[in-house]
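Here are a few comments for a colleague reading this structure, set out as numbered points.

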Amino acid sequence: MSEPFGSVPQGSVPPGSVPPGSMPPGSVPPGSVPQGDRRSAAEAKAESTSLGDLLGEVSRDISTLMRQEVELAKAEIRESATRAGKGAGMFGAAGYAAMMCVLFLSIAGWWGLGYLVGNAWSALIIAAIWAVIGLILFVVGRSTLKSIKGIPQTVDTVKEIPDTLKRESK
């Protein structure tokens with residue numbers, strides 16, 4: 001007579017299980033947790049591992065966490081410095097544009113007073129163009145500098161470290 005599909009023939013034991021009667025009374029087969037024992041995996045590991053090993057593991061974890069935080073801070077500072085450099089460059093360009101504006105306004109005033117017609121208008125047009133360029137560069141540079149946020153993600157994750165190190169007391 002053949003066994004139904006999926007059943008284990010009598011006398012054989014499925015792989016990974018313990019044959020009946022081979023365990024002492026009251027013991028728990030490997031891989032199973034008794035119903036009354038509601039310990040977490042971390043608590044079970046803590047009971048079976050020495051204090052020195054646990055402290056070493058905590059030390060390694062904290063060291064890794066600190067290294068990761070330093071790397072995150074470096075990346076955020078690098079990004080902020082790049083934005084600050086671009087904003088400063090825009091301010092520098094705005095300063096140059098303002099200098100050109102003053103130069104051409106001075107030339108236009110001089111030339112206008114000298115001739116009262118003709119060439120003075122061309123100098124005023126160039127000065128007005130430089131004034132518009134300077135204004136645009138100033139506005140773009142100011143908005144770029146306002147968008148710099150520092151290192152917010154690092155600050156947030158560093159604030160979480162003390163909470164992570166605390167253990168809930170029940």
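1. For what follows, helices are DSSP runs of H or I with at least four residues, numbered from the N terminus. On that basis helix α3, residues 119-146, gives the most to a nonpolar patch on the surface, with 4 residues.

2. The model is predicted, and its confidence deserves a word before the details: the mean pLDDT of the protein is 75, with 68% of its residues reaching 70 or more. Among the elements, helix α2 has the highest mean pLDDT, at 86, whereas helix α4, residues 152-165, has the lowest, at 77. Where pLDDT is low, the predicted coordinates should not be read in detail.

3. The nonpolar patch is formed by F91, L135, F138, V139 and L145, which together have about 390 Å² of accessible area. F91 is found in helix α2, residues 51-115, and this residue counts as partly exposed because its relative accessibility is 32%, a value to be read against the patch criterion of over 30% relative accessible area.

4. The count of salt bridges comes to 1, and this salt bridge joins the side chains of E71 and K74, with an N to O distance of 3.7 Å. E71 and K74 are 3 residues apart in helix α2, so about one helical turn separates them.

5. As for the surroundings of that pair, E71 counts as partly exposed because its relative accessibility is 46%, and K74, with a relative accessible area of 43%, is likewise partly exposed.

Note on methods. Residues are numbered from 1 along each chain as its sequence is written. This is a predicted model: local features need pLDDT of at least 70, side-chain atom pairs count only at pLDDT 80 or more; totals for chains, interfaces and linings use all residues. Side-chain values use heavy atoms; hydrogens and water are left out. Patches are made of residues with over 30% relative accessible area and no salt bridge: like charges are joined within 9 Å, nonpolar side chains (Val, Leu, Ile, Met, Phe, Trp, Tyr) within 5 Å. Accessible areas come from the Shrake-Rupley method with a 1.4 Å probe; for residues, only the protein chains shown count as cover. A salt bridge is a side-chain nitrogen of Lys or Arg within 4 Å of a carboxyl oxygen of Asp or Glu. Helices (H or I, at least four residues) and strands (E, at least two) are DSSP runs, numbered from the N terminus. Buried means under 20% relative accessible area, exposed over 50%, partly exposed in between (1.4 Å probe, protein chains only). pLDDT is the predictor's confidence in each residue, from 0 to 100.
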